[in-house]
Structures are given as C-alpha cells and as structure tokens.
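Let's take a quick tour of two spots in this protein, one inside and one on the surface. Have the fold open while you read.

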Amino acid sequence: MKLLRRSVRLTRLVLHVLNGLVLTLLVAGVWRMSADAPFYQRLVSGWLRKTGQILGVRVRVIGEPVGQAALMVSNHISWLDIALLGGAANVRFLSKQEVRHWPIIGWLAEKSGTLFITRGKAGAAAAASATILQALQAGRVVLLFPEGTTTTGNDVRTFHARLLASAFEANVPVQPVALRYPGADGLTHPLVPYVEQQSLWDNLKSLLDEAEIQAEIHFLPLLQTTGVDRKTLAAACEQQVRALVKRPA
C-alpha cells in the first residue's frame, strides 16, 4: 500500500512541478509579470497550497495572516513549512543563497519573489536587512525563520534579533507564527523534521509514504516595533511561539 501511495503521489508531484514551470515561464517569462502583482501572488500561493495537499497534509489555520506590510517570524521544522505557510498567506520568503542554485526549485523560488541572502560572509546581515527593507517598503509581507535552522519541532531555538532590524526601519509590525505537526503522541510527527544529515529525497520519500500528516499554523497577534528594542521584540516572539509549540495536543 505504501509503495502504491508513494508512486501515485510522486507522479502527481512531478506533474505539479512541471505545471509550475510552465505557468512561471508564461507569467514571468512571456507576460513579464512582476512577482508583486496580485494575480502572480495568488498563483504562487495556490501552487504551494496544492503541494501540501498532494503530500497528504491536512492544514488547520488558527488566526489571520496580516494583510499589510509586515515581517512574519516563524519556527522552522522542514522544507514543507514553505509550502504550507506560502499556501496560507501571500508572503515573500527569505532563503539562503544556495537555494537559488538548486535545479528547478531554485529557479521557481527566484521567479516567485523569494529574497536570497548569503550567510557566513562579512556584511551578510546588513545586506539581508536591506533586502527585506526594500520589500517591506514596497508593501509586501516578508516571512523569515529567525532560528536560522530547522529543528525537531518539539521546542524553539533562540530567535536571532538582527534580521528584525528591517521591521524597525520600515516602521511595520511583526507577526509571530507558530507551526506544528502534531503526531499521535502529542509531539511533532517524527517523519516531518528535516534535520541533521538527512537527504531531501529521504525526507520526501517518508512523507510520500505516510497516509496523512496534520499541521497547524497559528497566526498570532501583531507586535509593534515602537517603544521596544530588537532583542526584546525577538524574545517576545520566541516566547509566544514556544508557548504554542510546547502546548499539549
């Protein structure tokens, strides 16, 4: 049964990716539509939402994503987070520069408006803040993962404050987002986290085999940047997200 499920889902996923390539070639290549165009945003969001559905993920959304220029900050568990979060809200993601060079996925990410940063180099944080600031000033919602890496999903790592600087400069609010994949024991579903040295294919294969995966996206109330410093705001976001992540199922 698992082999059949994997084969069917993988076929659907491949066709879905090919469909995304064709649509992107038309919209971004032939029509030269900006990634900021509302139609393009809806197209990207719908494509990401369908990706989660193909993988058998049932998403429960609690709260409302912000509908104005803002910075979203979320905990990070898997590459699957991007499909679910992007399917639930029109956002621009912040990703490491290496993703831009991934076959197919990197090109799709670039054309959909993903913001790329080079990590580990002098001035990288300042360059990232400038990139985010430009998007915020253009009225977009930017989503980043301030932990800086994926986790097992059973706790939250430190939210680094430096990337929140752009929200202060643009004078826009910050929206914490808590992401959960509850398993049968109340902890994170063991097949979802994309951590350590696991390959993308091994992680994807395990998800393709699974009958169903539950996911929760909690869009929390906006936090203002006035009257507070970056570290205090980052800590407040971290605490609110941790409270939901560690909450019993």
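Which residue in β6 is the bridge partner of Leu71? Val174 is the one. Bear in mind that this is a predicted model.

That pairing belongs to a wider set of contacts: strand β2 (residues 70-74) and β6 run parallel and are joined by four bridges. β6 also pairs with strand β7 (residues 213-219), again through four bridges, but here the strands run antiparallel. On that side, Leu179 has Ile217 in β7 as its bridge partner.

| Partner strand of β6 | Bridges | Direction |
|---|---|---|
| β2 (residues 70-74) | four bridges | parallel |
| β7 (residues 213-219) | four bridges | antiparallel |

So how buried is β6 itself? Seven of the seven residues of this strand (residues 174-180) are buried, so β6 is largely enclosed by the rest of the structure. In a regular strand, side chains alternate between the two faces of the sheet. Here Val174, Pro176, Ala178 and Arg180 point one way, while Gln175, Val177 and Leu179 point the other way. Both sets are buried, Arg180 and Gln175 included.

Now for the surface. Val22, Leu26, Val30, Trp31 and Phe39 form a nonpolar patch there, and together they have about 490 Å² of accessible area. Helix α1 (residues 2-30) supplies the largest share of the patch, with three residues. Val22 is a residue of helix α1. Is Val22 buried, partly exposed or exposed? Its relative accessibility is 46%, so Val22 counts as partly exposed.

Note on methods
Residues are numbered from 1 along each chain as its sequence is written. This is a predicted model: local features need pLDDT of at least 70, side-chain atom pairs count only at pLDDT 80 or more; totals for chains, interfaces and linings use all residues. Side-chain values use heavy atoms; hydrogens and water are left out. Patches are made of residues with over 30% relative accessible area and no salt bridge: like charges are joined within 9 Å, nonpolar side chains (Val, Leu, Ile, Met, Phe, Trp, Tyr) within 5 Å. Accessible areas come from the Shrake-Rupley method with a 1.4 Å probe; for residues, only the protein chains shown count as cover. A salt bridge is a side-chain nitrogen of Lys or Arg within 4 Å of a carboxyl oxygen of Asp or Glu. Helices (H or I, at least four residues) and strands (E, at least two) are DSSP runs, numbered from the N terminus. Buried means under 20% relative accessible area, exposed over 50%, partly exposed in between (1.4 Å probe, protein chains only). Two strands pair if DSSP finds at least two bridges between them.
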